[in-house]
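This report walks through the side-chain contacts, strands and surface of one protein. Please keep the sequence and the three-dimensional view at hand while reading.

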Amino acid sequence: GPAGLPYQYPSSVASTSPGRVRRSARTPGAVPETLHEGGSPCGLAVIGTRVLWVDRGDPELGLSNGTLQAHDGAVTTLVSDEPAPTSLIADGTYLYWTRYGTQALGYTDGAVVRARHDGSEITLLASGDLKANALVQDDSHVYFAGPAHIYRVRKDGSGALEPLTKAADAGGANDFDFVGLASDGTPLYWTHY
């Protein structure tokens, strides 16, 4: 689509093609099927046959017009007016996504959010100038990457936001601009610029 995180083209730069949500069989030469075309889809989760994604909207213009959408034969908008949602994961009960925040508000409208699979019961798990993007989870916590730290927050909304990384590692190198985050159940792995 027209924009990527954490750095993006301004809205005045024309996109070469619209954003798309597509699927394909796992066989060489399979023809992909387009489920949705338009916007800036990014975070993606699959629950059974239902495909869910967040669309960033247009935060460069200061708009909180991102969405959480679902496809189960047709596209449905579950949540509207999101300030630049970026990542999406799911467990058996909830969806979790990050809000990067909007430039017009100095990104202070960033957050980690939880809602039921139908988009109801929206709960802020953490908020502020987080510039949150990548997400992973375990049974009790959601872990996410921001520009300065890897954080964790309890899935049930209790407790405080906890930074897990320090400003500088033991070798003196700074970890910042975290963009990728993964876990195999024990350690966390990340990438940064």
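## Aromatic rings

Three aromatic pairs turn up when the whole structure is searched. In one of them, the ring centres of Tyr 100 and Tyr 107 lie 5.6 Å apart and the ring planes meet at 75 degrees, so this pair is classed as edge-to-face; the class calls for an angle over 60 degrees. The model is a predicted one, and the distances and angles in this report should be read with that in mind.

Tyr 100 has a relative accessibility of 7% and counts as buried, and Tyr 107, at 18%, counts as buried too, because the cut-off for that class is under 20% relative accessible area. Another ring, that of Tyr 94, has a charged neighbour: Arg 114 lies over its face, at 4.2 Å from the ring centre.

## Overall make-up

The protein contains 16 strands and zero helices. Of its 193 residues, 41% are buried, while its accessible surface amounts to about 9,800 Å², with 51% of that area belonging to carbon and sulfur atoms. When contacts between residues at least 6 apart in sequence are considered, 35% of them join residues that are at least 24 apart.

## Strand β8 and its partners

Strand β8, which spans residues 94-99, is mostly covered, with six of its six residues buried. In a regular strand the side chains alternate between the two faces of the sheet. In β8, Tyr 94, Tyr 96 and Thr 98 point one way, whereas Leu 95, Trp 97 and Arg 99 point the other way, and all of these residues are buried.

Strand β7 (residues 85-90) pairs with β8 in the antiparallel sense over four bridges, and a hairpin of three residues joins β7 to β8. β8 also pairs with strand β9 (residues 110-116), again in the antiparallel sense, and here the pairing runs over six bridges. Arg 99 takes part in both pairings: Arg 99 is the bridge partner of Pro 85, and in β9 the bridge partner of Arg 99 is Ala 111.

## Salt bridges

The structure holds eight salt bridges. One of them joins the side chains of Arg 23 and Glu 33, at 2.9 Å from N to O. Because Arg 23 lies in strand β1 (residues 20-23) and Glu 33 in strand β2 (residues 33-37), this pair ties together parts that are ten residues apart in sequence. Neither side of this contact is classed as buried: Arg 23 is partly exposed with a relative accessible area of 40%, and Glu 33 is partly exposed with a relative accessible area of 39%.

Arg 99, already described for its place in β8, also meets the side chain of Glu 82 in a salt bridge of 2.6 Å, N to O. Glu 82 lies in strand β6 (residues 75-82) and Arg 99 in strand β8, so the pair ties together parts that are 17 residues apart in sequence. Here both Glu 82 and Arg 99 are buried. A further salt bridge is formed by Lys 131 and Asp 129, whose closest N and O atoms are 2.9 Å apart; Lys 131 counts as buried at 19% relative accessibility, whereas Asp 129 is partly exposed, with a relative accessible area of 44%.

## An open sheet and a hairpin

Four strands, in the order β11-β12-β13-β14, form an open sheet with antiparallel pairing. Its edge strands are β11 (135-137) and β14 (162-163), each of which pairs on one side only. Three bridges join β11 to strand β12 (residues 141-145), and the two run antiparallel; Leu 135 has Phe 144 in β12 as its bridge partner.

Further along the chain, strand β15 (residues 178-183) pairs with strand β16 (residues 188-192) over five bridges in the antiparallel sense, and Gly 180 has Thr 191 in β16 as its bridge partner. The two strands β15 and β16 form a hairpin with four residues between them, and in the turn Gly 185 has a positive phi of about 110 degrees.

Notes
Residues numbered from 1 in each chain as written. Predicted model: local features only at pLDDT ≥ 70, side-chain atom pairs only at ≥ 80, totals over all residues. Heavy atoms only, no water. Phe/Tyr/Trp six-rings, centres within 6.5 Å; stacked < 30°, edge-to-face > 60°. Buried < 20%, exposed > 50% of the residue type's maximum accessible area, 1.4 Å probe, protein only. Lys NZ or Arg CZ within 6 Å of the ring centre and 35° of its normal. Contact = heavy atoms within 4.5 Å. Areas by Shrake-Rupley, 256 points an atom, 1.4 Å probe, with all protein chains shown as cover. Pairing = 2+ DSSP bridges. Salt bridge = Lys/Arg side-chain N within 4 Å of Asp/Glu carboxyl O.
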